[in-house]
Amino acid sequence: MCGLVALISPGVPFSAELLSDMRDRLVHRGPDSAGLWMNADRRIGLAHRRLSIIDRSAQADQPMVSGDGRYQLVFNGEIYNYLELRSELARLGCAFKTQSDTEVLLAALSTWGEAALLRLNGMFAFALWDSETRLLTIARDRFGEKPLFIGRGRFGTVAMASEMKAILAHPHMSSAVDESSISDLGAGLWRESDERTFFANIKRIPPAHLMVFDSFGRERRRARFWTPDYTIINEKITPEEASEEFATHLRRSVRLRMRSDVAVGSSLSGGLDSSMIVAELAGQRATQPFEQNTFSACLLGDPTMSEEPDIDTVVGATGVRGFKTFPEPDGLMEDCRALHWHQEEPFLSASIYLQWRVARLAQQHDTIVLLDGQGADEVLGGYQSFFPLYQLDLLDRKRIGEVREITDLFNDRLKSVAEKYENVSRRFNPDVGYTQAQLSSLMENRPDVWHNNYGPGLPPAAPGWRLRRVLAETLLYNGLPALLRYSDRNAMAFGREPRTPYLDHDLVNFCMRLPDDILIHQGWQKWVLRKAVEKSLPASIAWRADKVGYAAPLDLWLRGKAKNWARERIFDSNVQGLPGYMASEVGRLWDEHQNGQANHSWALWRWISLAEWLDIHRCGYWRSGMSLSAA
C-alpha cells in the first residue's frame, strides 16, 4: 500500500523539487520511504511513497526499473498471488533480485503485457513507463480498491496520482469546483459511478480499466480488461455444495491476504461479515501461529445502535485480542476537517467516522494490515432492501407458494428481533419486506423494474432479474465504489492497509453464478455464508437477523453536543446558494429533527459534509498544501 505520482509535461520541463512536492502530499500513504525518477529531458516523471508490507528492504523501493532498463514502474496495492506468478515467471527465465510483489508485477507486465492484468489476484493501481515505445500505461484493479486519478492542466500537463491533493500540488493544475457534482450531491443524486470528481479538471480512472498515454499526454487507448456476467447461473449446484465451495474460496482468499511481513489484524464490527473473517483467521492460527488482534468501534450509552455485545461474543469465541474505540460527537467535530481532507470529496454518511477511529486504533497498536468484511453484502445480496426485490422476482416467475413461505419466515424473524430494541427503526427497518397482503395486491400489477443507466456488466432490466440487476449495480457502480473510497482514505490516513477477502475475483465470480434461491435461502439472506460459519461462531452471530453495520448515532449527536456545530454548517451562507439547497425545506428538516418528529440526520449530513469540503477549498488548502494530520 503506497502512493504514486506519474507526470507528463510536454510543454515545459519540471524540477525534481516539484515532483517531490507532489509525491510528498501522499506521505501518509507511504511513511516508510520515498523515491522518484525523471527522464533526461524532465518531461516524464514517476514518484512514489512506500508503506513497506512485503520485502521491507530498500531493494524493493520504487520507482522500480526492469533489468534491461526499458521499464519504470510505480505501484500501489498488493498482488496476493505474487508467489505463484513468480514461480511461473522464473520458469520462463525471469530472474529476481527481491522478494517483493512489485518486482513480480514488473516482470509480469514486461513478459505478458496487458494480458498480465487478468492473472493478477489483488488490489492495484500502477503506472508503467516504456522507454522504447515512449508510452505510459496506467491501470486500476477490478473493483477499484486502489484509487487513481488523472488531472489535465496548462501547457498540456497531465498528472496521475493516488489522491487528488498530489495533482493539485502542481501549479499548472486548476482546483476549480465541478459544479455538476455539487448539484448532484445537493439533489441527493451523487454516485461515484463515473469519472467525475468534485474538481472540474480531475477525473477518476474507472475500475477494471487500463489507459495508455504518449509522451505528449495524449490518450492513445483505453480498455476495460474485466467485465462480470450475471446472466451465467449455475442452476445445478445445491445449497450444501454452494456453502462448501464458498467456504473453500473464502479460506483461500483469506490465506492469500495473510501474506505479509508485518502484523495482520482485522476490523470487527460484530456483524456476520467481519466475524466470519475473524473466525477464519482464528482457524488458521492452528497451523500458522500469530498474534491476532481485532479493532472495533463501540457506542457508549446507545444499546439500540451499539454492537458491543456481539463484538464481545466473537472475541470470546475466537480467543483474539480485541481492542475497542468509543467514538463521541466531540471527536467527530474535532476530526471532521482532517477526515474531509483525507477523503477529498464530501461523503453521504457520518458513519465512516467510526471506520476512521478503527484505523487510528490499529495504528496505536502497531497493526499495519487490516482484513475487512467489505463487499460481502454486495456479492451475496446481504442488504435487507434486496429482499423485496427477490419477492417481486418470485412473483414475476409465478412461484407463488415459495414467495408466500419465505415472506413469513423473513418478516417473522425481523419482527421477533425488533422487540429487543427501543426505537428499532434507528437500527433497521423491520417492515422492509412486503407483507402477505401486499403480495396479493402485487399478483397482477407489479412496479416496473428499477434500474439506472450504467455501463457494462449488468443483467437485463427485466421482470425476474430485479435482484441480480441491483446486485450488479451495487457492486460495480452505485454502492461499493464509494465504500471502497471511504475505506482506502480512512486507513491510509493512518498508514494502514485494508484488505478485503470477499472481493477476491475468483470468489466473486463463483458467487455471481449462484442462483437467487441460494443467495436467499429459506428466507435467510447470505445463507451460504451463514452455513459456512455456523461451526466456527455462536449461532447468535451466524444466524442473527438484524443488520446495522458501522452506523454512527448521528440522529442523537445532532440533537446533543453537535447541535450548534452542525447548525453553523447546515445554514452556512456559502452552502445556502448552492443548487438543491432550499432554505425552507432544510429549515423544516432541521426543526423536525430537533423536535424528534423524524430522523433527518442523513439528509442534513450532506450539507454538513459539503460545507466542510467547501471551507477547505475556500481556504486554499488543496492548492497550498496545508496538510491536516490524522494522528
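Visitor: What makes up the protein, in helices and strands?

Guide: The protein has 26 helices and 19 strands. Helices (H or I, at least four residues) and strands (E, at least two) are DSSP runs, numbered from the N terminus. This is a predicted model, where local features need pLDDT of at least 70, side-chain atom pairs count only at pLDDT 80 or more, and totals for chains, interfaces and linings use all residues. Residues are numbered from 1 along each chain as its sequence is written, and side-chain values use heavy atoms, with hydrogens and water left out.

Visitor: Why is the protein called as compact as a globular protein of its length?

Guide: The radius of gyration is taken over C-alpha atoms, and the globule rule is 2.2 Å times the number of residues to the power 0.38. For 631 residues the rule gives 25 Å, and the protein comes to 24 Å, which is close, so it is as compact as a globular protein of that length. Along the principal axes, the C-alpha atoms fill a box of roughly 75 × 60 × 50 Å.

Visitor: How do you know that Leu-519 is buried?

Guide: Buried means under 20% relative accessible area, exposed means over 50%, and partly exposed lies in between (1.4 Å probe, protein chains only). Leu-519 has 3% relative accessibility, so it counts as buried. You will find Leu-519 in helix H18 (residues 516–519). Its C-alpha atom is 9.3 Å from that of Val-379, although the two are 140 residues apart in sequence. Across the protein, buried residues make up 62% of the 631 residues.

Visitor: What makes Ala-90 partly exposed?

Guide: Ala-90 has 40% relative accessibility, so it falls in the partly exposed class. This residue sits in helix H2 (residues 82–91). Ala-90 and Ser-243 are 153 residues apart along the chain, and 36 Å separates their C-alpha atoms.

Visitor: Why is the contact between Asp-184 and Arg-196 called a salt bridge?

Guide: Side chains of opposite charge can pair when their charged atoms come close. A salt bridge is a side-chain nitrogen of Lys or Arg within 4 Å of a carboxyl oxygen of Asp or Glu. Asp-184 and Arg-196 meet at 2.8 Å, N to O, so the pair fits the rule. Asp-184 is in helix H5 (residues 179–186), and Arg-196 is in the loop between H5 and strand E10 (202–204), 12 residues apart. By this rule the count comes to 59 salt bridges.

Visitor: What do Glu-280 and Arg-251 tie together?

Guide: The side chains of Glu-280 and Arg-251 form a salt bridge at 3.3 Å, N to O. Glu-280 lies in helix H7 (residues 272–284) and Arg-251 in helix H6, so the pair ties together parts that are 29 residues apart in sequence. With 10% relative accessibility, Glu-280 counts as buried, whereas Arg-251 is partly exposed at 36%.

Visitor: How do you know whether Asp-396 is buried or exposed?

Guide: Asp-396 has 16% relative accessibility, so it counts as buried. Its side chain meets that of Arg-466 in a salt bridge of 2.8 Å, N to O. Asp-396 is in helix H12 (residues 387–396) and Arg-466 in helix H15 (residues 466–478), 70 residues apart. Arg-466, at 4%, counts as buried too.
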